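Open your viewer and get ready to click around. We'll go from stop to stop, with something to select each time.

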Amino acid sequence: MSANFFVYVIVAGQNQDEDIPFTNQSQPKHYKWWIRVISYILFLISGQSAAILLGRLYFDKGGNSKWMATFVQSAGFPILLPFLFYFSPFAKSVPVSVTSVVRRPKISTLVFLYSAFGLLLTGDNLMYSYGLLYLPVSTYSLLCATQLAFNAVFSFFLNSQKFSPFILNSVILLTISASLLAVNSDSENASTVSKGKYVIGFLCTVGASATYSLYLSLVQLSFEKVIKRETFSAVLDMQIYPSFVATCGCVVGLFASGEWRSLSKEMKEYKEGKVSYMMTLIFTAVAWQVASIGLLGLIFEVSSLFSNVISTLTSPVVPILAVIFFHDKMDGIKAMAMLLAIWGFISYIYQQYLDDSKSKVKKKMKANSNKASLGLTGQV
């Protein structure tokens with residue numbers, strides 16, 4: 001985890017400590033861009049996979065507080081504060097010519113933006129906690145792939161994302177994958193939870209996926225219309241401040257619900273002991289922060305839809321790990337759902353490849369056209 005992060009730090013430190021206008025990703029990609037994107041992908045996949053498995057471990061070993069499970073999804077933000085200070089534009093001498101390019105948004109605008117995102121994350125994380133409590137890990141992970149279908153719709157309306165045949169194919173495949181899991185509920189909840197709790201977990205997970213997809217599209221829109229800064233500190237700001245608000249919201253929920261009274265007993269009765277209880281929560285919080293940095297970085301570098309596609313790549317990874325560590329059942333329908341999720345991911349990645357190839361061809365044609373125009377001018 002740390003090795004991957006410092007690979008990014010080396011690259012980002014060379015060209016992302018200055019404020020430059022936010023630009024969309026229609027240009028051909030430089031190799032440094034690919035290094036950053038690959039680093040973000042590794043953060044997202046490793047962090048999200050670890051966080052989901054640790055979250056399930058918390059419930060399996062005796063944890064029962066839904067607000068505590070929600071709290072750790074945002075409470076790890078302090079580990080990012082040193083990086084925020086290092087990449088802060090105020091910590092570096094930025095030329096006047098650069099700072100004058102971008103006019104920073106008002107403080108009141110940023111406070112409203114970060115507060116709204118933080119409250120949205122609080123509700124979203126709580127729904128995810130219900131899903132992780134009542135569903136098998138493999139089912140939960142595959143249902144989270146529906147984020148892509150929701151995000152494609154939100155991106156179309158909010159981010160002007162174009163629908164190509166491959167993107168549409170990806171959305172349809174992931175929707176079918178989730179539908180298969182819905183009709184497979186009877187075979188899964190017989191030995192675990194009641195039918196009612198399974199339905200609650202299913203609806204909460206799908207609802208959380210829709211809410212999170214809306215959040216991602218709004219974040220991308222904010223980067224383009226409000227933040228307008230192409231810096232790593234902008235990514236950190238978008239992670240740290242909403243996480244702070246979300247954490248405060250979870251603390252309020254923890255005390256308002258009365259769950260705080262049972263935390264001491266929960267720790268004592270945790271099957272693996274008090275130390276394991278604390279380490280599970282701490283590592284879960286760290287893993288979610290690593291995943292969030294990867295997610296926001298991909299929104300920043302590519303798009304919210306692409307970040308969601310990478311997020312769905314954990315769909316085939318987590319179920320396999322869940323079978324190994326939690327002995328989840330992997331029947332035919334779930335295996336089919338997993339294969340459809342993989343197919344949907346590959347379909348979208350291929351579309352990204354086509355878009356990048358077209359942008360390179362257009363740039364080459366434009367360069368040749370400019371050379372031809374200069375040649376004609378010289379002859380005249």
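Which residues does serine 222 touch, not counting residues up to four places away in sequence? Select serine 222 and look around: the answer is Leu113, Phe117, Ile227, Lys228 and Met238, where a contact means heavy atoms within 4.5 Å.

Before you go on, a word about what's on screen. This is a predicted model, in which local features need pLDDT of at least 70 and side-chain atom pairs count only at pLDDT 80 or more, while totals for chains, interfaces and linings use all residues. Residues are numbered from 1 along each chain as its sequence is written, and side-chain values use heavy atoms, with hydrogens and water left out.

**The whole chain**

Zoom out and colour by secondary structure. You'll find 17 helices and zero strands; these are DSSP runs numbered from the N terminus, H or I of at least four residues for helices and E of at least two for strands. The chain has 380 residues, and 51% of them count as buried. Buried means under 20% relative accessible area, exposed means over 50%, and partly exposed is in between (1.4 Å probe, protein chains only). Take the contacts between residues at least 6 apart in sequence: 86% of them join residues at least 24 apart.

**Two serines**

Go back to serine 222, which sits in helix α11 (residues 195–227). Its relative accessibility is 6%, so serine 222 counts as buried. Now show its side chain: one polar atom there lies 2.8 Å from the backbone oxygen of leucine 218. That is a polar contact, a pair of N or O atoms within 3.5 Å; within protein, one must be able to donate a hydrogen and the other to accept it, and residues adjacent in sequence count only if both atoms are side-chain atoms.

Next, select serine 39 in helix α2 (residues 31–60). Serine 39 is buried, with a relative accessible area of 5%. Its side chain reaches the backbone oxygen of isoleucine 35 at 2.9 Å.

**Where α2 meets α6**

Keep α2 on screen and add helix α6 (residues 107–134): the two pack at an angle of about 65°, with their axes 9 Å apart. On the α2 side, pick Ile52, Gly55, Arg56 and Phe59; on the α6 side, pick Ser129, Leu132 and Leu133. By class, this contact has four nonpolar, two polar and one charged residues.

**Methionine 68**

Move on to methionine 68 in helix α3 (residues 66–71). Methionine 68 counts as buried, because its relative accessibility is 11%. Leaving aside neighbours within four places in sequence, you can select its contacts: Tyr58, Leu254, Glu259, Leu263, Tyr277 and Leu281. Try a distance too: methionine 68 and leucine 126 are 58 residues apart in sequence, and their C-alpha atoms are 9.4 Å apart in space.

**Last stop: α8**

Select helix α8, residues 146–158. At 1.5 Å a residue, its 13 residues should span 18 Å, and its end C-alpha atoms are indeed 18 Å apart; the expected span is 1.5 Å times one less than the number of residues. Which residues of α8 are buried? They are Thr146, Gln147, Leu148, Ala149, Asn151, Ala152 and Ser155.

Click alanine 149, which has a relative accessible area of 12%. Not counting residues up to four places away in sequence, alanine 149 touches Val171 and Thr175. Finish just after α8, where serine 160 takes a positive phi of about 55°.

Technical notes
Axes are lines fitted to C-alpha atoms, for helices over the stretch in contact, and angles run from 0 to 180 degrees between N-to-C directions. Ala, Val, Leu, Ile, Met, Phe, Trp, Tyr, Cys and Pro count as nonpolar, Asp, Glu, Lys and Arg as charged, and the others, Gly among them, as polar.
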